[in-house]
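Hi,

Here's the structure I said I'd pass along. Have a look at it first, and my notes are underneath.

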Amino acid sequence: MTANPLLLMNEEPDEPGPLVELKTRLVLYTDRSPGPATARRVYDVYMARFEAGITGYRSTAFGSEVNEWTPSARKHFEMVELPNLRRQEHWGYVFGSEQLTDGHLFMFHGAKPATQAGWASVFRFDFEWNFDPETLRQFTLEVLQAVECVWGTAGYVLCPDEEAEPARANDQVYAWAMRYWGAQAQDLDVTMQLALTGLECLSWLTVIGPVLRERTPNVLTRARAIGFSAFEAGRHVIIQAEERPRLIDRNRRETLGNYPTLAEALLPLQVKEHLGFSGDLWDEYNTMRYIHRFTNPNDV
């Protein structure tokens, strides 16, 4: 297997692991918190393909402990925990792997209407960095038959460790994000607060749901013509930027390819403001410049 080109391990001898890791991710933002029926549909799609990679799960509620994923745990989750989604403090669950690197992850988390009004809810699917693009495209199509989203993206992302050394991890994400424009820096906690207002940034696959699709229908007509390919998935349109995901190393002056013209076409759908990502190096100003990097490459 080809070595991960963007992998920085932490300095903890007792608990080694990736401080920052290049992965492939599909993320979808929805305008309502998933209830038991919606979550079950997406859960079934994921588990049918990727359950073999899951070793543990937990609630997304603060302080929740990881439980081993076993046949009996699956039965308990499906019969007890999932039907009670949103009834108490549990508004989502995350399923993951003990694998040191290249581990899969599946998460869904709903925004709470009382305290997070106007926030999007999120579905997240992480895979190894060299995950097969065709499988990713097919899986995206399948998930969009199970849930309707406002928008989403699929492609390379930079995943920082959220516990070991957050400052060092965020600094490295910033450095790599500025160099490798095809490996997206993301902060889902921040983006959830703004995702209902518009698309954050395009990726290898960009999903446009019916809310944005109906807002400016002419935008997608042009984007379809510019993209490498385009697909219908329920009431969604998926725009594929190029044949395969690319890191786009700016230090080596790698071409931006199809991304600038596609970004320009989708600009009317992009957010007009954005909070800064986590970390000392990010603020609102450079976060906005970063998410518009393909539209205004000289500003980054």
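How much space lies in the second largest pocket? About 250 Å³. Keep in mind that this is a predicted model.

The second largest pocket is lined by 16 residues, and Asp31, Arg32, Val147, Glu148 and Cys149 are the closest to its centre. Three elements each give two or more residues to that lining: helix H1 (36–50), helix H3 (133–146) and helix H6 (210–215). H3 gives the most, with three residues. If you care about the chemistry, the lining of this pocket splits into nine nonpolar, four charged and three polar residues.

On to the enclosed space. There is one cavity of 30 Å³ or more, and the largest cavity holds about 70 Å³. It has 13 lining residues, with Trp181, Gly182, Ser203, Trp204 and Tyr259 closest to the centre. By class, the lining of the largest cavity has seven nonpolar, four polar and two charged residues.

The other thing I looked at is strand S5 (residues 92–96). Five of its five residues are buried, so S5 is largely enclosed by the rest of the structure. Side chains in a regular strand alternate between the two faces of the sheet. In S5, Gly92, Val94 and Gly96 point one way while Tyr93 and Phe95 point the other, and all are buried.

S5 also has strand partners. It pairs with strand S3 (residues 56–59) in the antiparallel sense over four bridges, with Gly56 opposite Gly96. Strand S6 (residues 105–109) pairs with S5 in the antiparallel sense too, over five bridges, and there Gly92 stands opposite His109.

Cheers

How values were computed: Residues are numbered from 1 along each chain as its sequence is written. This is a predicted model: local features need pLDDT of at least 70, side-chain atom pairs count only at pLDDT 80 or more; totals for chains, interfaces and linings use all residues. Side-chain values use heavy atoms; hydrogens and water are left out. On a 1 Å grid over the protein atoms alone, a cavity is a set of points where a 1.4 Å probe fits but cannot get out, and a pocket is an open set with protein on both sides within 12 Å along at least five of seven lines; lining residues have an atom within 4 Å of a point. Grid points are joined across faces, edges and corners, and a volume is the space filled by probe spheres set on the points. Ala, Val, Leu, Ile, Met, Phe, Trp, Tyr, Cys and Pro count as nonpolar, Asp, Glu, Lys and Arg as charged, and the others, Gly among them, as polar. Buried means under 20% relative accessible area, exposed over 50%, partly exposed in between (1.4 Å probe, protein chains only). Two strands pair if DSSP finds at least two bridges between them.
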